[in-house]
Amino acid sequence: MNDGYLNFANSAVGAKLADALGLPKPIVLDRYKEGQPVIKGSVLVGGGDDAKLLPVLAKIFKSIGAQTVAHRQLPQWLPLANGAGLMSGRWGVDDQPGEKVKALVFDATGMTDSTQSDALYEFFHDAARSVLPCGRVIVFGRPPEQCANPRQATIQRALEGLTRSLAKELKRAIAVQLVYVAEGAEDQLESTVRFLLSPRSTYVSAQVIRVGTPVGAGGTPLNWDKSLAGKKVLVTGASRGIGASIAEIMVREGATVICLDVPQAQPGLNEIAAKLGATAIELDIGAADAPQKLVDAAKADGGWDVIVHNAGITRDKTIANMKPHFWQMVMNVNLSTQERINDALVESGALKSGARIVCVSSISGIAGNNGQTNYALSKAGVIGMVQSTAPVFAKHGVTINAVAPGFIETQMTAAIPFAMREAGRRMNSMSQGGLPVDVAEAIVWFANPASSGLTGNVVRVCGQSLIGA
Amino acid sequence: MNTIRRVAIIGGNRIPFARSNSVYSSASNQEMFTATLQGLVDRFNLHGERLGDVVGGAVMKHSRDFNLVRESVLSTTLSPQTPAFDIQQACGTGLEAAMIVANKIALGHIECGMAGGVDTTSDAPIGVNEKMRKILLEASRAKSTGQRLGSLAKMRPGMLVSPTLPRNGEPRTGYSMGEHAELMAREWNISREDQDALALKSHLNLARAYKDGFFTDLMTPFKGVAVDNNLRADLTIEKLRSLKPAFDKKVAPNQGTLTAGNSTPLTDGASAVLLASEEWAAAKNLPVLAYLSFSEVAAVDFFDKKEGLLMAPAYAVPRMLARAGISLQDFDFYEIHEAFAAQVLCTLKAWQDEAYCKEKLGLDKALGAIDLSKLNINGSSLAAGHPFAATGGRIVATLAKMLNQKGSGRGLISICAAGGQGVVAILEK
Ligand SMILES: NC(=O)c1ccc[n+]([C@@H]2O[C@H](COP(=O)([O-])OP(=O)(O)OC[C@H]3O[C@@H](n4cnc5c(N)ncnc54)[C@H](O)[C@@H]3O)[C@@H](O)[C@H]2O)c1
């Protein structure tokens, strides 16, 4: 679980050696510490013709307390920012680059034709060398599938190629995302901008996120550092690994947490629950009566606000060698039982209005993996479940999203043989594995009451893994 | 012949001020002033606009910056057909520049203009050693290579290590500004305690103004900085009391009252304001913050008559009040530049001194006291710092915004300058 090479490459001797041998030089990722500001350092703002989000962005930057400067392509930014009560200015004098910045934000929502792409070139060409390590880049566009005409849909779809390439090119742990904002969903952006600009999203890169019109009764947290105050959250598989971290981060955010795991995991489960002041439920979610038991527990508790389907198992074998129960167990625990639980909870009204379901898929479900036909089937199924139930659950005011972790440093990955483990760790744009907390932070973002515009999203927490891109 | 018109202050801009040799140590006057003007252009959407004039200056200037203001204009998005020129009146530069532009507008010579100033003591011009300078000039006049080498051979390594640094001192007295202020504090019996109290208030007021977002539309960040870095929001009177006197060695050994805490530090920064006729503002749909209605300059004979070097504003203000037909108490806000806490306190004390007002200022009675709760209420130079030529623009914009927020009223600006000069003005709404 300990990445020795990361420490080595960041030591005085190690850094020299890594240079000399041309080895990857992972840098220590910024991670969120309680009470720290959303972003330390300036945000450089750019945009194409008719950039539509600028007023909303100014409001959000004001709320975040971010310091902004605008590229010369946006001379309209300063009066607009001042109007929102935000101090701002221009980046650089006399067409020279200005100070190093922590984030680049480009509003491409007004682009309606592929011939308008020069503004993107100008902005990223000028700013590429001015982003600090662990910096952030966000490009905002309109969802191609909702565009009024093919030309507009085309240039909007094209943005994905740019952001994914930038994510590989900028290096130094700079994360790049594309956020498609549906028309009318502009006011749903704040939780996403906060997450993507902050160190909370440190291991999320090259992702495409869709923000749509709000689902259910959301709200703006009174205190963004306690975004889940007063919320009841169930975390499955919470006795160790990623699940334990999710429970911990949920508690940090002010939630009341219910930790669930199988009876065999009781010692770990009780330890975590005691440490966090959480309640514990011993239950095999694969059992036939699990959905009903959870509905009863939720109702007895006055209803739950957030369900995190983290429990998951692997039973790796090539399909030719695989016994049927390996196949069935994995499919049941990782997918079928989650479908039954979701349906039961939503239909019974055991979830409160504005509730959130967050699932844990896997990069294997996206890219496939040798020896994991069963696992990849189930994890790709999680993606299918998220996408197909999102519109159904939306009618009940419930959102459903998934995170898809890449290589995360846990007991699960510590069990992988060394050579394969090293490859898994380094084969991404950050040249290192993520930590359980990185997955937890993404889940907390989906769970945020202000994330009503997020449903049906699958966001990878993989440092832009080179496989399955 | 035109009638005299009211001069509207539309807005201002400055970059955060920074202590010398800190965050702007690599920035030039040119860069800082360009950024400041550009911020003003951006704020009021003046891209491509031909302004009537842009006037400004710097106190510490490289010879290559002979056309500093015009060069800065050319680097902005203003029309390159905007004329500009440099002036210099020490710490009075910024306010004097505003007065020049205002007078042109008042007389109908121009419709709009910008005025400001910039200074850096980080990127200050360093003169080569005087002997070395003579040798270099001789060598450049030489007719043959042999002659040139002959001249250059006179150079000695010592010349390189003793360059001529710019000094913040009075050429005629050999005293620094701080030493002069220390002398004034002694003459007027200004206590260390009062000076420290004024300094503390300046910091607390400036910090509160930032917290309230007062400067949001008066400033643009520069080099990643968004707040004056001299500001100590957590300053305490104990901290100020603990500082050692800084200017007493020559003038009052071991009896000094001026410290680094109640004197302004050397500072880098720039500021500018946008002035216009009411017609121009209306045509552009730009609201007017306030009007610049009166101005006055004065100078004292600090050499032969041994007047306090920084006492000239004490003379300028009553002369301006007489022209305006108002008294010192008829103001809602007082913006008295805090070169030194002692300077402010000496001026206020002098105005209450019957003998001084009669004998020196030629008045028939004392001007009297002011309501101190109206003094520098959003902080002043002790907290913000004092980039010489940039202070005037900072104060004009700050006061204009205060008058606009209040809706109506009158404010007094008083700035002392090297050479025994004082530059003062009245803003009204
Ligand atoms: N670690 C990684 O790199 C990685 C990568 C991609 C996806 N994931 C996924 O993240 C989730 C957590 O992974 P982890 O690494 O923490 O694994 P882990 O094995 O350490 O933890 C999984 C937990 O789920 C519990 N669990 C298993 N079956 C259960 C059941 N039927 N009922 C209740 N609880 C059950 C286990 O007891 C265990 O505590 C899993 O869904 C996994 O597939 C992990």
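**A look at a predicted two-chain model**

B:Ala106 counts as buried, at 10% relative accessibility. The model it belongs to is a predicted one, and this alanine makes a handy way into chain B. B:Ala106 sits in helix 3 of chain B, which covers residues 93–106. Apart from residues up to four places away in sequence, B:Ala106 touches B:Thr3, B:Ile4, B:Arg5 and B:Val7. Another residue to look at alongside it is B:Lys429: the two are 323 residues apart in sequence, and their C-alpha atoms are 16 Å apart in space. As for why B:Ala106 is called buried, its 10% falls under the 20% cut-off in relative accessible area.

Stepping back to the whole of chain B, there are 15 helices and 10 strands to find. Its radius of gyration is 22 Å, close to the 22 Å that the globule rule gives for 429 residues, so chain B is as compact as a globular protein of that length. Taken along the principal axes, the C-alpha atoms fill a box of roughly 75 × 60 × 45 Å. Of those 429 residues, 58% count as buried, B:Ala106 being one of the buried residues. Contacts across the sequence are plentiful here: among those between residues at least 6 apart, 78% join residues at least 24 apart. The surface that chain B exposes comes to about 17400 Å², with carbon and sulfur atoms supplying 53% of it. Chain B also carries 47 positive and 43 negative side chains, and the centres of these two sets lie 5 Å apart.

One loop of chain B holds a backbone oddity. Most residues other than glycine have a negative phi. B:Asn189, however, has a positive phi of about 60° although it is not a glycine. Its place is in the loop between helix 7 (177–187) and helix 8 (192–211) of chain B. Is this asparagine buried or exposed? At 63% relative accessibility, B:Asn189 counts as exposed.

Chain A has a residue with a positive phi as well. A:Ser431 shows a phi of about 55°, and it is not a glycine either. This serine lies in the loop between helix 15 (418–426) and helix 16 (436–447) of chain A. With a relative accessible area of 15%, A:Ser431 is buried, whereas B:Asn189 is exposed.

Turning to chain A as a whole, the count is 16 helices and 14 strands. The radius of gyration is 22 Å, close to the 23 Å that the globule rule gives for 469 residues, so chain A is as compact as a globular protein of that length. Its C-alpha trace spans about 70 × 55 × 45 Å along the principal axes. Buried residues make up 58% of the 469 in this chain. Looking at contacts in chain A between residues at least 6 apart in sequence, 74% join residues at least 24 apart. The accessible surface of chain A is about 18300 Å², and 55% of that belongs to carbon and sulfur atoms. Chain A has 44 positive and 40 negative charges, whose mean positions are 4 Å apart.

Two small residues give a closer view of chain A. A:Ala81 lies in helix 4, residues 77–83, and is buried, with a relative accessible area of 0%. Leaving aside neighbours within four places in sequence, A:Ala81 is in contact with A:Ala58, A:Leu86 and A:Ser88. Its C-alpha atom is separated by 8.4 Å from that of A:Lys62, 19 residues away along the chain.

The other residue is A:Gly218, found in the loop between strand 7 (207–211) and strand 8 (232–236) of chain A. This glycine is partly exposed, with a relative accessible area of 41%. Beyond its neighbours within four places in sequence, A:Gly218 is in contact with A:Arg356, A:Pro449 and A:Ser452. A:Gly218 and A:Gln188 are 30 residues apart in sequence, and 9.7 Å separates their C-alpha atoms.

That leaves the meeting of the two chains. The size of an interface is often given as the accessible area lost when the parts come together. Here the area buried between chain B and chain A is about 1400 Å², of which carbon and sulfur atoms give 62%. Which residues stand out on the chain B side? B:Asp42, B:Thr216 and B:Pro221 supply 38% of the area that chain B buries against chain A, more than any other three residues. In terms of contacts, 22 residues of chain B meet 17 residues of chain A.

How values were computed: Residues are numbered from 1 along each chain as its sequence is written. Chains are lettered from A and ligands numbered from 1 in the order in which they are written. This is a predicted model: local features need pLDDT of at least 70, side-chain atom pairs count only at pLDDT 80 or more; totals for chains, interfaces and linings use all residues. Side-chain values use heavy atoms; hydrogens and water are left out. Helices (H or I, at least four residues) and strands (E, at least two) are DSSP runs, numbered from the N terminus. The radius of gyration is taken over C-alpha atoms; the globule rule is 2.2 Å times the number of residues to the power 0.38. Buried means under 20% relative accessible area, exposed over 50%, partly exposed in between (1.4 Å probe, protein chains only). Contact means heavy atoms within 4.5 Å. Accessible areas come from the Shrake-Rupley method with a 1.4 Å probe; for residues, only the protein chains shown count as cover. Lys and Arg count as positive and Asp and Glu as negative; His and the chain ends are not counted. The place of a charge is taken as NZ of Lys, CZ of Arg, CG of Asp or CD of Glu. Buried area is the accessible area (1.4 Å probe) that two parts lose on being put together, summed over both.
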